[in-house]
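Trainee: I should like to go through this model term by term. May I ask, for each term, on what grounds it is applied?

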Amino acid sequence: MGLRFALVAALEEELRTLLAALQSPVTEHHAGRAFHRGRLDGHEVVLVRSGIGKVAAATTALLLADRYGVDALVFTGVAGALQPAASIGDVVVARELLQHDMDASPLFPRHEVPLTGRSHFPTDADLSDALARAARDALEAERIGLDSSFAALGIDRPRVHEGLVVSGDRFVATSLERTALRTELPDALAVEMEGAAVAQVCLDCDLPFAVLRTLSDCADDSAHVDFGRFVAEVAGPLGAAIVRTWLRRVEPA
Ligand code: ADE
């Protein structure tokens, strides 16, 4: 039997394009979530919408590790850009993740997850390498298909970034909060609401994982503008194209 991959997103719009391509789908419900098993690009996959936030993401990741016994997990979706060099429409492949709202100080250092000795949780290096390569190639290829959506949203030439992604149970939507995050965590490329929770569960479960995000906003006062449209028209199709480019290159085990 080949490898089984979990493909997860927080929002329905982020998963829709992948779901539409799923072959021989079988849907099962656990803990209020619909798990869609099937085949995609020659591989056995499980597609699931986790819901928003760290608890929802952690619950989903644990079910995928424990109940479905998946061999690797890829979390895809959108994030807010935190670096001036990262623009809306760019893609971020996380190399490490941190919970920006974790604070058990003075008992433990700020951002450290108590009793783990860590604040930064690394993603699987090989999986992240492969996804970053797929992202660069898909962006070249998909530009043609997504050109009008990119242009309508003022997106020029999307690029791929790799590095620190931070997560917390807050949609960051003010310049004040963005500045505070950047001051506290100057290396952070992007902010979202699930990745670091998935990272913690996957490390506990010894499950290789990666996090792939399209930048939908700049985590400032205009963060909500065009958000829904961006997710449905750009991030969903682009994330799906990248994941499928990667899947097609994975040798069946
Ligand atoms: N996901 C996408 N944009 C975000 C933001 N600004 N804050 C938190 N999560 C996000």
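Mentor: Let us begin with pairing: two strands pair if DSSP finds at least two bridges between them. Strands themselves are DSSP runs of E with at least two residues, helices are runs of H or I with at least four, and both are numbered from the N terminus. In β3, Phe35 is the bridge partner of Glu28. This is a predicted model, in which local features need pLDDT of at least 70, side-chain atom pairs count only at pLDDT 80 or more, and totals for chains, interfaces and linings use all residues. Residues are numbered from 1 along each chain as its sequence is written, and side-chain values use heavy atoms, with hydrogens and water left out.

Trainee: Why are β2 and β3 said to pair?

Mentor: Strand β2 (residues 23-30) and strand β3 (residues 33-40) are joined by 6 bridges in the antiparallel sense, and at least two are required, so they pair. His29 stands opposite Ala34 in β3.

Trainee: How do you know that β3 pairs with β4 as well?

Mentor: β3 and strand β4 (residues 43-49) run antiparallel and share 6 bridges; Arg39 has Glu44 in β4 as its bridge partner.

Trainee: What makes Ala31 and Asp41 worth noting in the hairpins?

Mentor: Most residues other than glycine have a negative phi, and most peptide bonds are trans. Ala31, in the hairpin of β2 and β3 with 2 residues between the strands, has a positive phi near 50 degrees. Asp41, in the hairpin of β3 and β4, which also has 2 residues between the strands, takes a positive phi near 50 degrees. Asp206, not a glycine, has a positive phi of about 60 degrees and lies in the loop between α5 (195-205) and β10. The peptide bond joining Ser105 and Pro106 is cis, with omega about 10 degrees; Pro106 is in the loop between β6 (91-99) and β7 (121-122).

Trainee: Why is the approach of Asp217 to the ligand called a polar contact?

Mentor: A polar side-chain atom of Asp217 lies 2.6 Å from a nitrogen atom of the ligand. A polar contact is a pair of N or O atoms within 3.5 Å, so this distance qualifies. Val172, through a polar backbone atom, is 2.8 Å from a ligand nitrogen atom, and a backbone N or O atom of Gly80 is 3.4 Å from a nitrogen atom of the ligand.

Trainee: Which residues come nearest to the ligand?

Mentor: Gly80, Phe171, Val172, Glu192 and Asp217 come nearest of the 13 residues around the ligand, where near means a heavy atom within 4 Å.

Trainee: Which element gives the largest share of that shell?

Mentor: β5 gives the largest share, 3 residues.

Conventions
Polar contact = N/O pair within 3.5 Å; in protein donor to acceptor, adjacent residues only side chain to side chain.
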